[in-house]
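I sat down with this chain today and looked up a few things a bench person might ask. Here are my notes, in the order I made them.

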Amino acid sequence: MYGNILYVVIPCYNEEEVLPETARRLKDKMEDLIKKRMISEASKVIFVNDGSKDCTWELIEKLHEKDYFYGGINLTRNRGHQNALLAGLMMAKEYADMVISMDADLQDDINAVDEMVEKYQSGIDIVYGVRSSRAKDTFFKRATAEGFYKTMKFLGADTVFNHADYRLMSKRAIEGLAKFKEVNLFLRGIIPMVGYPSDFVYYERGERFAGESKYPLKKMLAFAVEGITSLSIRPIRLITVLGFFIFLISIMMLVYSFIRHFMGATIIGWTTLMVSIWATGGLILLSLGVVGEYIGKIYLETKGRPQYLVEKFLHDKAGEDVEKDE
């Protein structure tokens, strides 16, 4: 039932410093798996160039020319990590029985691939790579990362704790993912919705081999907002609850005002009034912002714009490489 052609999909954005080492380590690992007869000799590594401004695509082309074990997808422009990853998954599913996605920075433990493949061969369709600990992180990084996952869960976005985008998916799981047509893409939340048997592989995350992180705090916050508003309407429901709570407070304030009026003390209360005006105004603006975020997403979804366009796909021999749009 389960074939053994493995494709590894790696989104790349300005990764020229780390790419040669990533390619070398992955080839060593996959050759070892081939010797153990765990995967097919037809297995490949596919790099997805997400509109890099450095020499990333040129390096991918050179790797492919030197060894057809490496493939490449060049997007027409930068579409973001999630869309680049989706492009790689959708292209790879046409050739592979299983696909592993991982980042190019070598922080994900390549040795965890063995256990992922073993779980796939035992009948598991989705294997999540999960960090076993965050002992190497700074206090700030650990606090913000764990806060991210807990906030996502509280606001209704179902994600795997301490899991990023290091995972194995079977062909049928990716075909299931292809039926999700969201333009606002948050794979960490969508993939658990696909269903099918799933399991976890725990690993120790390492340091970035070279280059700079592509997810500073500002982007992480934007990513969190994207995930929450793409997967859950709980923030809007919280606004409803908050509005009801403020309405109850206003009733109490109304009763209080009448009591003070009949007691002849109507001048006092200026501070309470000003605080109430500012607080209520701030909550109104916040509520409008949250609702506007959802309306903006509806606007983008109704346009039906493509999530990515492929300028070139390097796969087999040079004569068989194709240029196509997806």
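**Cysteines to start**

I looked for disulfides and the count came to zero. The model I am reading is a predicted one. For my own reminder, a disulfide is a covalent bond between the sulfur atoms of two cysteines. I then checked how covered two of the cysteines are. C12 has a relative accessible area of 1%, so I put it down as buried, the cut-off being under 20%. C55 comes out at 41% relative accessibility, so it goes into my notes as partly exposed.

**The chain as a whole**

Next I wanted the overall picture. I have ten helices and eight strands in the chain. How much of the chain counts as buried? Of its 326 residues, 43% do. I also noted the exposed area, about 17,500 Å², with carbon and sulfur atoms supplying 60% of it. On contacts, I took those with a separation of 6 or more, and 82% of them join residues 24 or more positions apart.

**Helix 3**

I went on to helix 3, which runs over residues 81–92. Does its length fit its residue count, or not? At 1.5 Å a residue, its twelve residues should span 16 Å, and the end C-alpha atoms are 16 Å apart, so the two agree. I found helix 3 mostly covered, with twelve of its twelve residues buried. Among them are H81, Q82 and N83 at the start of my list, and M90, M91 and A92 at its end.

**N74**

Where does N74 sit? I found it in strand 3, residues 70–75. Is N74 buried or exposed? Its relative accessibility is 10%, under the 20% cut-off, and therefore I count N74 as buried. I listed its contacts too, leaving out residues up to four places away in sequence: N74 touches N49, W57, L309, V310, E311 and K312.

**A nonpolar patch**

Last, I looked at the surface. Which residues form a nonpolar patch there? I have L242, F245, I249 and M252, with about 360 Å² of accessible area together. I picked F245 for a second look and placed it in helix 9, residues 234–262. F245 has a relative accessible area of 48%, so I noted it as partly exposed, since exposed would need over 50%. A general point I jotted beside this entry: an α-helix has 3.6 residues a turn, so residues three or four places apart point the same way.

Terms used
Residues are numbered from 1 along each chain as its sequence is written. This is a predicted model: local features need pLDDT of at least 70, side-chain atom pairs count only at pLDDT 80 or more; totals for chains, interfaces and linings use all residues. Side-chain values use heavy atoms; hydrogens and water are left out. Helices (H or I, at least four residues) and strands (E, at least two) are DSSP runs, numbered from the N terminus. Buried means under 20% relative accessible area, exposed over 50%, partly exposed in between (1.4 Å probe, protein chains only). Contact means heavy atoms within 4.5 Å. The expected span of a helix is 1.5 Å times one less than its number of residues. Patches are made of residues with over 30% relative accessible area and no salt bridge: like charges are joined within 9 Å, nonpolar side chains (Val, Leu, Ile, Met, Phe, Trp, Tyr) within 5 Å. Accessible areas come from the Shrake-Rupley method with a 1.4 Å probe; for residues, only the protein chains shown count as cover. A salt bridge is a side-chain nitrogen of Lys or Arg within 4 Å of a carboxyl oxygen of Asp or Glu. A disulfide is a pair of cysteine sulfur atoms within 2.5 Å.
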